[in-house]
Amino acid sequence: MIVIVAAAGDTSLEAEITTIESGTQSAMRSAAELSGPEQQHYPYARRVRHGWHMDTAGAWAYESLDDHLWEVFCQQCGDTNGPAEDQQPPARRLRGPYRSKHDAQHASNKHFAAP
Ligand SMILES: [Zn+2]
């Protein structure tokens with residue numbers, strides 16, 4: 001908590017204090033929103049996968065990794081793995097694909113900060 005002692009009658013400093021406090025409140029609010037178990041997202045960047053198929057155990061498997069394209073996977077957005085085109089719009093949008101690992105990681109970090 002930042003404490004600023006202002007001289008009485010200094011309105012410009014009072015206005016500044018108000019701005020700081022409302023900023024602190026919104027930061028605290030978003031921290032509280034992120035702490036809920038349903039709201040926490042764990043996205044990660046990975047190479048785009050090709051040749052999706054079900055393995056003998058019924059889990060998604062793939063043949064190869066793309067040499068150039070990256071995607072972001074977030075199970076909490078409802079991504080069920082497998083082909084991107086099978087996903088619901090929020091998960092499909094997050095998949096990208098992205099043209100570099102850097103772009104995908106950037107999207108992943110942004111998504112983690114504000115789901
Ligand atoms: Zn998500």
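A residue is called buried here if 20 or more other C-beta atoms lie within 10 Å of its own, and exposed if 12 or fewer do. By this yardstick, buried residues make up 14% of the 115 residues in this protein, which is a predicted model.

The overall layout is easy to follow along the chain. Three helices and four strands are present, and from the N terminus on they are arranged as α-β-β-β-β-α-α. Among contacts between residues at least 6 apart in sequence, 51% link residues at least 24 apart.

Helix α3, covering residues 101-113, is a good place to look more carefully. With 13 residues at 1.5 Å a residue, α3 should span 18 Å, and its end C-alpha atoms are indeed 18 Å apart, so expectation and model agree. Within α3, Ala104, Ala107 and Ser108 are buried. These three cover an arc of only 100° around the axis, and therefore sit on the same side of α3. A general rule helps here: an α-helix has 3.6 residues a turn, so residues three or four places apart point the same way. The cover over the buried residues of α3 includes strands β1 (44-50) and β4 (64-73). On the other side of α3, His102, Asn109, Lys110 and Ala113 are exposed.

Helix α2, residues 89-95, contains Pro90. Is Pro90 buried, or partly exposed? Its count of 14 other C-beta atoms within 10 Å makes Pro90 partly exposed. Setting aside neighbours within four places in sequence, Pro90 is in contact with Cys77 and Gly78. Pro90 also lies 9.6 Å from Cys74, C-alpha to C-alpha, with the two being 16 residues apart in sequence.

Key:
Residues are numbered from 1 along each chain as its sequence is written. This is a predicted model: local features need pLDDT of at least 70, side-chain atom pairs count only at pLDDT 80 or more; totals for chains, interfaces and linings use all residues. Helices (H or I, at least four residues) and strands (E, at least two) are DSSP runs, numbered from the N terminus. The expected span of a helix is 1.5 Å times one less than its number of residues. The arc is that of the directions from the helix axis to the C-beta atoms. Two residues are in contact if their C-beta atoms, placed from the backbone, lie within 7 Å.
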